[in-house]
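The exercises below are meant to be worked through with the sequence and the 3D structure side by side. Try each task before reading its solution.

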Amino acid sequence: TAPGSLRFGHADVLRAVRSLYSDELKPFGRVMLKRLREHRAEAAAIAKGLSADAVDPSGMPWVNPQRLRKMCEGIRQLRLFQEDGREYSVRLVSLPDSFVDICDPADEYAPELWAELAVHLSDSARSG
């Protein structure tokens, strides 16, 4: 591990991937880098007796992207897929893919739902 970089192991990587699956987010390498820092910030906050979101993940050490990719390649519960350019993603071999495409312009919710939500949020803001 390079000086100043985040130390992590197979269990940390698998936890990050599982949490992304739980959030229905495709585990791209860049997203896993962020999730590892988020988990470390949460652990640091709890260790200090603070709420889990009290420590800013951007204050956590840097994650070496090459080390993360190499580790993913060596974890037999994961399968690595090459994406566009230098990007990659991983999948858990034991679970089916069920990811939300955040770039998909299609909205599966009816316009009425959004109108009702806007009214609710407006009412909530007024009642303070």
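Helices, of at least four residues, and strands, of at least two, are DSSP runs that are numbered from the N terminus. With that naming, D101 is found in the loop between β2 and α4. The model used throughout is a predicted one.

**Exercise 1. Decide whether D101 is buried, partly exposed or exposed, and state how far D101 lies from S51 in sequence and in space.**

Solution. Step one is to recall the cut-offs, under which buried means under 20% relative accessible area and exposed means over 50%, with partly exposed in between. Step two is to take the value for D101, which has a relative accessible area of 49% and therefore counts as partly exposed. Step three concerns distance: D101 and S51 are 50 residues apart in sequence, and their C-alpha atoms lie 30 Å apart in space.

**Exercise 2. Describe the largest pocket by its volume, its lining and the character of the lining residues.**

Solution. A general idea comes first: rolling a probe the size of a water molecule over the atoms shows where empty space is left. In this model the largest pocket holds about 280 Å³ of space. The next step is to list its lining, which is made by L25, K26, F28, R30, V31, F99, V100, D101, I102 and C103, so that the D101 of the first exercise appears here again. Sorting the lining residues of the largest pocket then gives seven nonpolar, no polar and three charged.

**Exercise 3. Carry out the description for the second largest pocket, and name the elements that give two or more residues to its lining.**

Solution. The second largest pocket contains about 210 Å³ of space, and its lining consists of G29, R30, L33, P65, Q66, R69, R86, E87 and Y88. The elements that contribute two or more residues to this lining are α2 (29–47) and α3 (65–74). When the lining residues of the second largest pocket are sorted, three are nonpolar, two are polar and four are charged.

**Exercise 4. Trace the salt bridges that involve R35, K34 and E38, and find which residues they join into one network.**

Solution. As a starting point, side chains of opposite charge can pair when their charged atoms come close. The structure holds nine salt bridges, and one of the pairs is R35 with D23, whose closest N and O atoms are 2.9 Å apart. This pair links distant parts of the chain, since R35 is in helix α2 while D23 is in the loop between α1 (10–22) and α2, twelve residues away. The two partners can then be graded by accessibility: R35, at 12% relative accessibility, counts as buried, whereas D23, at 42%, counts as partly exposed.

The next step moves along helix α2, where K34 forms a salt bridge with E38 at a closest N to O distance of 4.0 Å. Because K34 and E38 are four residues apart in helix α2, they are separated by about one helical turn. K34 is exposed, with a relative accessible area of 55%, and E38, at 26% relative accessibility, is partly exposed.

The last pair joins E38 to R35, with side chains that meet in a salt bridge at 2.7 Å from N to O. Because these two residues are three apart in helix α2, they too are separated by about one helical turn. Salt bridges that share partners thus join D23, K34, R35 and E38 into one network.

**Exercise 5. Examine the backbone of E24, saying what its phi is, where the residue lies and how accessible it is.**

Solution. The background is that most residues other than glycine have a negative phi. Against that, the phi of E24 is near 60 degrees, a positive value in a residue other than glycine. E24 has its place in the loop between α1 and α2, and at 36% relative accessibility it counts as partly exposed.

**Exercise 6. Find which residues make the nonpolar surface patch, and place Y109 in the chain.**

Solution. A nonpolar surface patch of about 490 Å² is made by Y109, L113, W114, L117 and L121. Among these residues, Y109 is found in the loop between β2 (88–92) and α4 (111–127). Its relative accessibility of 46% is why Y109 counts as partly exposed.

Methods:
Residues are numbered from 1 along each chain as its sequence is written. This is a predicted model: local features need pLDDT of at least 70, side-chain atom pairs count only at pLDDT 80 or more; totals for chains, interfaces and linings use all residues. Side-chain values use heavy atoms; hydrogens and water are left out. Patches are made of residues with over 30% relative accessible area and no salt bridge: like charges are joined within 9 Å, nonpolar side chains (Val, Leu, Ile, Met, Phe, Trp, Tyr) within 5 Å. Accessible areas come from the Shrake-Rupley method with a 1.4 Å probe; for residues, only the protein chains shown count as cover. Buried means under 20% relative accessible area, exposed over 50%, partly exposed in between (1.4 Å probe, protein chains only). On a 1 Å grid over the protein atoms alone, a cavity is a set of points where a 1.4 Å probe fits but cannot get out, and a pocket is an open set with protein on both sides within 12 Å along at least five of seven lines; lining residues have an atom within 4 Å of a point. Grid points are joined across faces, edges and corners, and a volume is the space filled by probe spheres set on the points. Ala, Val, Leu, Ile, Met, Phe, Trp, Tyr, Cys and Pro count as nonpolar, Asp, Glu, Lys and Arg as charged, and the others, Gly among them, as polar.
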